[in-house]
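Reader: Could you take me closely through one helix pairing in this model, and then through the surroundings into which the pairing is set?

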Amino acid sequence: MNATTQPIVSMQKLNKHFGSLHVLKDIDLAITPGEVVVVIGASGSGKSTLIRCINGLEEFQQGTLEVDSKTLQPHGKSGRALQHIRTEVGMVFQQFNLFPHLSVRDNITLAPLKVRGVNRQEAKQTANRLLERVGIEDQADKYPSQLSGGQQQRVALARALAMEPRLMLFDEPTSALDPEMIGEVLDAMRELAKDGMTMVIVTHEMGFAREVADRVIYIHQGEITEQGPPEQLFDAPQHERTQGFLSRVLKH
């Protein structure tokens, strides 16, 4: 990382509790603009909670968190900083969360019209361009129920991109998809990575992680156990917990 580059995400000693459950433990993490970071780990390790803290969907209790030069406060006391982050950070979830009563195109134009204040013609042109970018430009006038799961997830991706985010977060975006649909969503994400989008991706797709990541982070029981370039972490993991996790998941 260039010493003059300001991180787009900076966490220091971040701790998150759900009641008595200590979910994230003293997380230190900096993400540089243009970097693709993939977060791996067993279910319940804190991966999704980590990225949900980045855009303020989860409150944290101790530590510091800066996103796009805005400081999020513990216990959700962030006000305007949170509004800014919600505008500048896009997120794609496991579930598609599309509005069923709106067409594909209208699902994509809604937020730019309401939040960014762009005019309808510009929003429509952006939606058409993004649908072409994710490979489903011919689906613009359909409704979500008329699409496959893979197509709906690509609409969700286009909808997030319509806000022109500086950072994209992905929370296991393929986990709800049938196996034959996973590839089409990963292909769209590969194109984003090639275009230089800053991305933090929680995924169980290890081959994809190896291919697109600049850095892979392994989380175990709420702690960053190991991180590094994919070739280092996958081929020569240093920590026995990382070794054990990879030996299990790479068998399948």
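Author: In this predicted model, the crossing of H5 and H6 is right-handed. The contact draws on Gly149, Gly150, Gln151, Gln153, Arg154, Leu157 and Leu161 from H5, and on Met181, Glu184, Val185, Ala188 and Leu192 from H6. By character, the residues of this contact divide into 6 nonpolar, 4 polar and 2 charged. As for the geometry, H5 spans residues 149–161 and H6 spans residues 179–194, and their axes come within 8 Å of each other and cross at roughly 20°. Because angles under 35 degrees count as roughly parallel, H5 is described as roughly parallel to H6.

One residue of the pairing, leucine 157, can be followed further: leaving aside residues up to four places away in sequence, Leu157 touches Ala188 and Leu192, and also Val92, Val134, Met168 and Phe170. Leu157 is also, together with Ile40, Met168, Phe170 and Met199, among the residues with the most contacts inside the largest nonpolar core, which has 46 residues. H6 gives the most to this core, contributing 7 residues. Apart from it lies another core, of 28 residues, which includes Leu14, Ile51, Ile85 and Val202.

Ile51 leads to helix H1, where Lys47, Ser48, Thr49, Leu50, Ile51, Cys53 and Ile54 are buried. Since 7 of the 8 residues of H1 (residues 47–54) are buried, this helix is largely enclosed by the rest of the structure. H1 is followed by glycine 56, which has a positive phi, near 80°.

Technical notes. Residues numbered from 1 in each chain as written. Predicted model: local features only at pLDDT ≥ 70, side-chain atom pairs only at ≥ 80, totals over all residues. Heavy atoms only, no water. Buried < 20%, exposed > 50% of the residue type's maximum accessible area, 1.4 Å probe, protein only. Helix = DSSP H or I, 4+ residues; strand = E, 2+ residues; numbered from the N terminus. Axes fitted to C-alpha atoms, helices over the stretch in contact; angles between N-to-C directions. Parallel < 35°, antiparallel > 145°, perpendicular 65-115°, else oblique. Left-handed = near helix turned anticlockwise from the far one by under 90°. Contact = heavy atoms within 4.5 Å. Nonpolar A, V, L, I, M, F, W, Y, C, P; charged D, E, K, R; others polar. Core = buried A, V, L, I, M, F, W, Y, C linked by side-chain atoms within 4.5 Å.
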